[in-house]
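Let's take a walk through this fold, one piece at a time. Have the viewer open and rotate along as we go.

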Amino acid sequence: MGLVEDIRDRYLDRLSPATFRSRLFWRTVDTLARSPLNRPQWKADRVSLSYFIRATRDAYLRRAPVVWSNLLFPSEIIIGSGCIPFYPEMAAAVVASAGLAPRFIDRAGEEGFSSDACSYHRCVLGCALEGFLPEPDLLLAVNYPCDSAPLSFSFAADLYGVPHRVLDVPLSGEEEDLEILAEQMEECAAAMLSLAGMDAGEGRKKMAEAVSFSNLALRAMRRVEEMRKRDDCTLDGKDAMGGVSVLAGSMGSREGTEYYRLLAEELEERGCAGGGTIRLMWMHLKPWYAQGIFDALERHGARLVCEEYTHATWEELDPERPFLSLAAKVAGHFLVGPAERRARHLARLARDYRVHGAIHYNHWGCRQSCGGAMLVKAALQEIGVPVLTIDGDCVDEREYQEGQLSTRLEAFLESLR
């Protein structure tokens, strides 16, 4: 049993919004997280688990201003402005892993949200409507990779009666346009500094610290990536996908740096898992409530060596011009812009990681991912990488047919031998 399941079983019968605002609840969570029975296998995961438990606790207990953000908004700015970042899309993944997502998705449906919409956001909105999420002081979203965050955050802003800002990313990549994006980021930072009661001088100092931590984390992340390209190292993709939360939510923190440093060191210590495996790339995210699909990979001697969302896609930040370099970080992401950009990026990853095949998980309601799946498939097949596309839902387990998926997956793996 994992930590989330352990907490669910202890609190399911008395689960209420007040539960998450109880200091006793968070002491229990902290105790359970420290138990050897719930201790993550990797030292790095212990650091990230502790970090996110503390940040989430502080958000519920309102120990600093709380800022909701979607995954492409740079966490360096929120951390560097003295606020607590909270990522509703990550919260939806945790709710799904606890098996509680259908309740909240249905609540969003009762409010009128279409079943065609992304279940991450329907789950989040259901949680918000029932009062289960920490109240935000500000909501920040980037208008990529999808429309869901700006739209659902707009609803949440009205629900809580707080401001909502959306970063509009220019597509040219020219420095003049990056300056426009940087100005938007600086305005967001100023709003957060005001919420946190910090002056500009304190803000510059804290932002410089966040940039320094982010750059150190990036260097360690590059070491991890080089090992995974070179070897059949012991980090499996189904576990590595949990690192998406670290990549999105803790860059700019001391713990984010520590996570990647420990991960690089432990990979070096553990060495190679052995050759002869089928090397696979996983595209989009995984179902958070079920792991059975990955058992088929293990039975066939296959390993996920590469995942779409766990890589660094930017260069080191400039401490002298933090907002301009953060603007370049966002605008340079492969999910910003036309679908062809994503397809080219994934083809490059497939070559770099020497994969034998790739799996595209079509998360229901995800326009940016499912909508580009055939384009991605064509780009990979052009370089000789077979692709399996499978339909499912990362959050709503009712839309997941493991038997059918496993049959198709096993046939695909047989074809790669």
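At what angle do helix α3 and helix α13 pack, and how far apart are their axes? Before the answer, some ground rules: this is a predicted model, where local features need pLDDT of at least 70, side-chain atom pairs count only at pLDDT 80 or more, and totals for chains, interfaces and linings use all residues. Residues are numbered from 1 along each chain as its sequence is written, and side-chain values use heavy atoms, with hydrogens and water left out.

Now the answer: α3 (residues 43-60) and α13 (residues 254-270) pack at about 165°, with axes 7 Å apart. Axes here are lines fitted to C-alpha atoms, for helices over the stretch in contact, and angles run from 0 to 180 degrees between N-to-C directions. The helices themselves (H or I, at least four residues) and the strands (E, at least two) are DSSP runs, numbered from the N terminus. The two helices are therefore roughly antiparallel to each other; that label takes angles over 145 degrees, with under 35 counting as roughly parallel, 65 to 115 as roughly perpendicular and the rest as oblique. Their crossing is left-handed, a name used if the near helix is turned anticlockwise from the far one by less than a right angle, and right-handed if clockwise.

Who does the touching? On the α3 side you'll find K43, A44, D45, V47, S48, Y51 and R54, and they meet E255, E258, Y259, L262, L263 and E266 in α13. Contact means heavy atoms within 4.5 Å. By class, that contact holds six nonpolar, one polar and six charged residues, where Ala, Val, Leu, Ile, Met, Phe, Trp, Tyr, Cys and Pro count as nonpolar, Asp, Glu, Lys and Arg as charged, and the others, Gly among them, as polar.

Next, the sheets. One is an open sheet of four strands in the order β2-β1-β3-β4, with parallel pairing; two strands pair if DSSP finds at least two bridges between them. β2 (84-86) and β4 (164-167) sit at the edges with a single partner strand each, so one side of each has no neighbour in the sheet. From one strand to the next, the twist averages 25°.

Zoom in on β3 (residues 138-142), which is joined to the parallel β4 by four bridges. There L139 stands opposite H164, and L140 has R165 as its bridge partner. Helix α8 (residues 148-160) packs on this sheet, touching β1 (66-69), β3 and β4, and its direction makes about 170° with that of β3.

A second open sheet of four strands has the order β6-β5-β7-β8, again with parallel pairing. Its edge strands, β6 (302-307) and β8 (387-392), each pair on one side only. Strand β5 (residues 278-283) runs parallel to β6 and is joined to it by five bridges, with W282 opposite E307.

Across β5, β6 and β7 (357-363) lies helix α16 (residues 339-352), at about 160° to β5. α16 also crosses helix α18 (residues 373-382) at roughly 35°, their axes coming within 9 Å, and this crossing is right-handed. The α16–α18 contact has nine nonpolar, no polar and two charged residues.
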